[in-house]
2 protein chains.
Amino acid sequence: MTDAREHEGSTGGEDVARDALVEISFAVQQLLGQVAESHDLSLTQLRLLGILRDREPGMLELAGYLNLEKSSVSGLVDRAEQRGLVRRKPVAADGRAIHVSITRKGRAIGAKIEHDLAQPFARLLRPLPPRQRAQLVALLRRLLDER
Amino acid sequence: MTDAREHEGSTGGEDVARDALVEISFAVQQLLGQVAESHDLSLTQLRLLGILRDREPGMLELAGYLNLEKSSVSGLVDRAEQRGLVRRKPVAADGRAIHVSITRKGRAIGAKIEHDLAQPFARLLRPLPPRQRAQLVALLRRLLDER
DNA sequence: TATTGTTATACTCTATAACTATA
DNA sequence: TATAGTTATAGAGTATAACAATA
């Protein structure tokens, strides 16, 4: 939007790239948010279910995954537990610790949301034929994996 | 993550594409959020400043841009106004309406944030040489523009 | 009556600081 | 003392419903 590229030592195409990334990021977040909301879940709750799909972390570990304070996670897990989506399990080896696991209900809702996401993503990706789609994935993966 | 691709009429590569888009979206949001937070702004407040950079919308219009209820926007603008970032202006032609405009201070902070975003985005994009970067932009633009 | 915006209320999300219980 | 987790508290963000003022 600005003409920063004129003044700084940019490699070129940096701002259009930034704009495109910002826009796609908001588009995807909106999409995720809408589907989650249709199941009465916030994006954070959805992330929680996603993390618990194949893990049973403690609260601190969970805070790490979610990039939240442990006290925030307490509340998050409280609300999810009240809704029967997750469960706190005492840890035999350490009386202070607990592990958080997903319930059958939580897993079912997660699966339903994942299913519901297929359509919107298919629509979003429709403009790209398979070859270009693969190209996009390769480019994004390179950004993500070399972070 | 699931094997949905086995059961539904997918074009192929749909889930890796979805995963990549979700991941990049969270990465970008985190980046934006961190820079905004370093100026004590939420992502929504940052969006607000961005919208007001070249517009003076009414509350309903603003709610449309932000995809929020008008009452939510009232609070949002309240807080931004208290911090001196935006201003409510009465509209001569319609006694019910107001226009929201950005203050010099708001514009300055927005500019500072935009400046601060250059580095992190440059780092994120570093793995891609110019040609591939252009390719990525072209692919993303096609997704975004044909929504 | 319809429209623009605000207010009242309630809940989620988040953080900081203080606390409890266990190691 | 250090660590895992919770609680107390506060504020932002959001929605719904009711309201006030103007059109």
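Select A:Arg88 and DNA strand D: an N or O atom in the side chain of A:Arg88 is 2.7 Å from a phosphate oxygen of that strand. The model on display is a predicted one, and this tour proceeds from strand D to strand C, then to the interface of the two protein chains and to several salt bridges.

**Stop 1: A:Arg88 and its partner**

Keep A:Arg88 selected and add A:Glu81. The two side chains meet in a salt bridge, with N to O at 2.7 Å. A:Arg88 has a relative accessibility of 25% and so counts as partly exposed. A:Glu81 is likewise partly exposed, with a relative accessible area of 29%.

**Stop 2: the surroundings of DNA strand D**

Next, display the protein residues around DNA strand D. There are 22 of them, and A:Ser74, A:Arg96, B:Ser42, B:Ser71 and B:Arg79 come nearest. Of the strand D atoms that come within 4 Å of the protein, sugar and phosphate account for 65%.

Two backbone contacts merit selection here. A polar backbone atom of A:Ile98 is 2.9 Å from a phosphate oxygen of DNA strand D. At A:Leu60, a backbone N or O atom lies 3.0 Å from a phosphate oxygen of DNA strand D.

Now colour by secondary structure. Helix H4 (59-66), H5 and S2 of chain A, together with H3 and H5 of chain B, each give two or more residues to the surface near DNA strand D. H5(B) gives the most, with 4 residues. By class, the residues of this surface divide into 6 nonpolar, 9 polar and 7 charged.

**Stop 3: the surroundings of DNA strand C**

Move to DNA strand C and select the residues around it. This strand is surrounded by 22 residues, the closest being A:Ser42, A:Ser71, A:Arg79, B:Ser74 and B:Arg96. Sugar and phosphate make up 66% of the atoms of DNA strand C that come within 4 Å of the protein.

Three residues of chain B can be selected in turn:

- B:Arg88 has a polar side-chain atom 2.7 Å from a phosphate oxygen of DNA strand C.
- B:Ile98 places a backbone N or O atom 3.1 Å from a phosphate oxygen of DNA strand C.
- B:Met59 has a backbone N or O atom 3.3 Å from a phosphate oxygen of DNA strand C.

In chain A, helix H3 (43-52), helix H5 (70-82) and strand S2 (94-102) each supply at least two residues of the surface near DNA strand C, as do helix H4 (59-66) and helix H5 (70-82) of chain B. H5(A) gives the most to this surface, with 4 residues. The residues near DNA strand C comprise 6 nonpolar, 9 polar and 7 charged.

**Stop 4: the interface of chains A and B**

Hide the DNA and show both protein chains. Their contact takes 49 residues from chain B and 49 residues from chain A. The area buried between the chains is about 5000 Å², and carbon and sulfur atoms give 68% of it. In chain B, the residues that lose the most area to chain A are B:Arg18, B:Leu139 and B:Leu143, together 12% of what that side buries.

For the polar component, 10 residue pairs are found in polar contact across this interface. On the side of chain B that touches chain A, helix H2 (14-38), helix H3 (43-52), helix H6 (104-125) and helix H7 (130-145) of chain B each give two or more residues. H2(B) provides the largest share of that side, 16 residues. The side of chain B that touches chain A has 26 nonpolar, 11 polar and 12 charged residues.

**Stop 5: salt bridges**

The interface of chain B and chain A holds 4 salt bridges, and the count over all chains comes to 22.

Select B:Arg18 with A:Glu114, whose side chains meet in a salt bridge at 3.3 Å, N to O. B:Arg18 lies in helix H2 of chain B and A:Glu114 in helix H6 (residues 104-125) of chain A, so the pair joins two chains. Both B:Arg18 and A:Glu114 are buried.

A further selection is B:Arg141 with A:Glu23, in a salt bridge at 3.0 Å, N to O. Select also A:Arg18, A:Asp19, B:Arg53 and B:Glu114, which are linked in a network of salt bridges.

**Stop 6: residue 146 in each chain**

Within chain B, B:Arg142 forms a salt bridge with B:Glu146, the closest N and O atoms being 3.2 Å apart. B:Arg142 is partly exposed at 32% relative accessible area, and B:Glu146 counts as partly exposed at 47% relative accessibility.

Finish at A:Glu146, in the segment after helix H7 (130-145) of chain A. Leaving aside neighbours within four places in sequence, A:Glu146 is in contact with A:Arg141 and B:Pro127. With a relative accessible area of 46%, A:Glu146 is partly exposed.

Key: Residues are numbered from 1 along each chain as its sequence is written. Chains are lettered from A and ligands numbered from 1 in the order in which they are written. This is a predicted model: local features need pLDDT of at least 70, side-chain atom pairs count only at pLDDT 80 or more; totals for chains, interfaces and linings use all residues. Side-chain values use heavy atoms; hydrogens and water are left out. A residue is near a molecule or strand if one of its heavy atoms lies within 4 Å of it. A polar contact is a pair of N or O atoms within 3.5 Å; within protein, one must be able to donate a hydrogen and the other to accept it, and residues adjacent in sequence count only if both atoms are side-chain atoms. Ala, Val, Leu, Ile, Met, Phe, Trp, Tyr, Cys and Pro count as nonpolar, Asp, Glu, Lys and Arg as charged, and the others, Gly among them, as polar. Contact means heavy atoms within 4.5 Å. Buried area is the accessible area (1.4 Å probe) that two parts lose on being put together, summed over both. Buried means under 20% relative accessible area, exposed over 50%, partly exposed in between (1.4 Å probe, protein chains only).
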